[in-house]
Amino acid sequence: MEALLILFDKKRYEAWQKLRKYILLRDGYICHYCRMQMTSMCTVDHIIPRSRGGRSDKKNLIACCLPCNRAKSDTDYFDYFDYKLKRAA
Ligand SMILES: [Zn+2]
């Protein structure tokens, strides 16, 4: 539903694409969670999920691969790191 709304709002969509590209370039296309160099499936993730009031600004966004983004979903940033660490141990 939200994706549809963004598509209808061209200016907002373009601003988001620009911000998304900025975050990916800033982070060198390296996934924040698994440190993988992304060549495809590049996404950006909200450190504080939008569902918990996180904003879509530079301070709250990080480059993230699609598998990590899907796995994290709206999990809290630190909870997700704990989860990753426990899985790696
Ligand atoms: Zn990742």
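A residue is called buried here if 20 or more other C-beta atoms lie within 10 Å of its own, exposed if 12 or fewer do, and partly exposed in between, with C-beta atoms placed from the backbone. The structure is a predicted model, in which local features need pLDDT of at least 70 and side-chain atom pairs count only at pLDDT 80 or more, while totals for chains, interfaces and linings use all residues. Residues are numbered from 1 along each chain as its sequence is written.

The confidence of the model comes first. The protein chain averages a pLDDT (the predictor's confidence in each residue, from 0 to 100) of 88, and 91% of the residues score at least 70. Confidence is lowest in helix H1 (residues 2-8), with a mean of 59, and highest in S2, at 96.

Four helices and two strands make up the secondary structure of the protein chain; helices (H or I, at least four residues) and strands (E, at least two) are DSSP runs, numbered from the N terminus. Along the sequence they follow the pattern α-α-β-β-α-α. The protein chain has a radius of gyration of 13 Å, close to the 12 Å that the globule rule gives for 89 residues, so it is as compact as a globular protein of that length. Here the radius is taken over C-alpha atoms, and the globule rule is 2.2 Å times the number of residues to the power 0.38. Taken along the principal axes, the C-alpha atoms fill a box of roughly 45 × 30 × 20 Å. Of the 89 residues, 16% count as buried.

Strand S2 (residues 61-65) is mostly covered, with five of its five residues buried. Leu61, Ala63 and Cys65 point one way from S2, whereas Ile62 and Cys64 point the other way. S1 and S2 run antiparallel and are joined by five bridges; strands pair if DSSP finds at least two bridges between them. Within this pairing, Cys65 of S2 is the bridge partner of Cys42.

The largest nonpolar core (a set of buried Ala, Val, Leu, Ile, Met, Phe, Trp, Tyr and Cys residues joined through C-beta atoms within 7 Å) has 10 residues, among them Ile23, Tyr33, Val44 and Cys68. S2 gives the most to this core, with five residues. In soluble globular proteins, nonpolar side chains tend to be buried together. Leaving aside neighbours within four places in sequence, Ile23 is in contact (C-beta atoms, placed from the backbone, within 7 Å) with Val44, Lys58, Leu61, Ile62 and Ala63.

The loop between helix H2 (10-26) and strand S1 (42-46) holds Asp27. Asp27 counts as partly exposed because it has 17 C-beta neighbours inside 10 Å. Beyond its neighbours within four places in sequence, Asp27 is in contact with His32, Ile62 and Ala63. Asp27 and Ala63 are 36 residues apart in sequence, yet their C-alpha atoms are 6.1 Å apart. Tyr29 lies in the loop between H2 and S1, and so does Met41. Although not a glycine, Tyr29 has a positive phi of about 60°; Met41, also not a glycine, has a positive phi of about 55°. Met41 counts as partly exposed because it has 14 C-beta neighbours inside 10 Å.

Helix H4 (residues 77-88) is hardly covered, with a count of zero buried residues among its 12.

How values were computed. Two residues are in contact if their C-beta atoms, placed from the backbone, lie within 7 Å.
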